[in-house]
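The following exercises concern a single protein chain and are to be worked with the coordinates at hand. Each task is followed by a solution in steps.

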Amino acid sequence: MTPKERAERSAAAMWADDHASHWIGITLLSVDEGQAQMSLTVEKHHCNGHGMCHGGVTFSLADSTFAFACNSRNQPTVAQNNMITYTAPAQLGDTLIATAKEVSLTGRSGIYDVCVRNQDNKIVAEMRGLSRSIKGQLFEE
């Protein structure tokens, strides 16, 4: 099995039970070893009292994308720490695209950077995620 095939099978196994991402409205666009891309269209129920996308929604998109990138090797992996910086507000109707890329993987610990951009390619947020792998597999190999 190629690394991309393993990443796609891992993503399919996770996506089947990822009720939170489905509920929020996130779409899985692509996955490969150590990377993933997901999107979300900002709807009225995603907006806060200022009329812009709630930061927690943007964080959820970044966090889900991070999860699919760090679980791409069929090794269950969880977030150990995440830090996000919001650089511009997302607005109602915006299409947000999050791209996660592995920076480092040493033993059971990984570092991932996630960039969230809008449809105009403007950066909305940057997140750094630290991961920790746990026992088991996402699918039987």
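The exercises below treat a predicted model, and they proceed from the core to the helices, the strands and the salt bridges.

**Exercise 1. The nonpolar core**

Determine how many residues the largest nonpolar core has, and which elements give two or more residues to this core.

Solution.
- Step 1. The largest nonpolar core has 29 residues. Those with the most contacts inside this core are L61, L96, V114 and V116.
- Step 2. Two or more residues come from each of helix 1 (3-17), strand 2 (35-41), helix 3 (55-70), strand 4 (95-106), strand 5 (109-117) and strand 6 (123-133).
- Step 3. With seven residues, helix 3 gives the most to this core.

**Exercise 2. The surroundings of L61 and V116**

List the residues in contact with L61 and those that V116 touches, leaving aside neighbours up to four places away in sequence. Classify V116 as buried or exposed.

Solution.
- Step 1. For L61, the contacts are I26, M38, S39, L40, L96, A98 and V116.
- Step 2. V116 lies in strand 5. The residues that V116 touches are T58, L61, A62, L96, I97, A98, K122, I123, V124 and A125.
- Step 3. The cut-off for a buried residue is under 20% relative accessible area. V116 has a relative accessibility of 1% and therefore counts as buried.
- Step 4. As a further distance, the C-alpha atoms of V116 and L28 are 14 Å apart in space, while the two residues are 88 residues apart in sequence.

**Exercise 3. Geometry and burial of two helices**

Compare the expected span of helix 3 with the distance between its end C-alpha atoms, and do the same for helix 1. Then identify the buried residues of helix 3 and of helix 1.

Solution.
- Step 1. Helix 3 has 16 residues, which at 1.5 Å a residue should span 22 Å. The end C-alpha atoms of helix 3 are 22 Å apart, so the two values agree.
- Step 2. In helix 3, the buried residues are V57, T58, L61, A62, S64, T65, F66, F68, A69 and C70.
- Step 3. Helix 1 has 15 residues, for which the expected span is 21 Å. Its end C-alpha atoms are 22 Å apart, in agreement with that value.
- Step 4. In helix 1, the buried residues are A7, S10, A11 and M14. Because these residues cover an arc of only 100° around the axis, they are on the same side of helix 1.
- Step 5. The packing partners of the buried residues of helix 1 are strand 1 (27-32) and helix 3.

**Exercise 4. Strand pairing and hairpins**

For strand 1 and strand 2, strand 3 and strand 6, and strand 5 and strand 6, state the sense of pairing and how many bridges join them. Locate the residue with a positive phi in each of two hairpins.

Solution.
- Step 1. Strand 1 and strand 2 run antiparallel and are joined by five bridges. Within this pair, S30 stands opposite Q37 of strand 2.
- Step 2. The hairpin of strand 1 and strand 2 has two residues between the strands, and G34 takes a positive phi near 75° there.
- Step 3. Nine bridges pair strand 3 with strand 6 in the antiparallel sense. T77 has S133 in strand 6 as its bridge partner.
- Step 4. Strand 5 and strand 6 are likewise antiparallel, over nine bridges. R117 is partnered by I123 in strand 6.
- Step 5. Five residues lie between strand 5 and strand 6 in their hairpin, and N121 in the turn has a positive phi of about 70°.

**Exercise 5. Salt bridges**

State how many salt bridges the model has, and which residues are joined into one network.

Solution.
- Step 1. The count comes to five salt bridges.
- Step 2. R6 pairs with E141, with the closest N and O atoms 2.7 Å apart. This pair links helix 1 to the segment after strand 6, 135 residues apart.
- Step 3. R73 and E102 form a salt bridge with an N to O distance of 2.6 Å. R73 is in the loop between helix 3 and strand 3 (77-86), whereas E102 is in strand 4, 29 residues apart.
- Step 4. R128 forms a salt bridge with D113, the closest N and O atoms being 2.7 Å apart. The pair links strand 6 to strand 5, with the two positions 15 residues apart in numbering.
- Step 5. Shared partners among the salt bridges join E33, R73 and E102 into one network.

How values were computed:
Residues numbered from 1 in each chain as written. Predicted model: local features only at pLDDT ≥ 70, side-chain atom pairs only at ≥ 80, totals over all residues. Heavy atoms only, no water. Core = buried A, V, L, I, M, F, W, Y, C linked by side-chain atoms within 4.5 Å. Buried < 20%, exposed > 50% of the residue type's maximum accessible area, 1.4 Å probe, protein only. Helix = DSSP H or I, 4+ residues; strand = E, 2+ residues; numbered from the N terminus. Contact = heavy atoms within 4.5 Å. Expected span 1.5 Å × (residues − 1). Arc of directions from axis to C-beta. Salt bridge = Lys/Arg side-chain N within 4 Å of Asp/Glu carboxyl O. Pairing = 2+ DSSP bridges.
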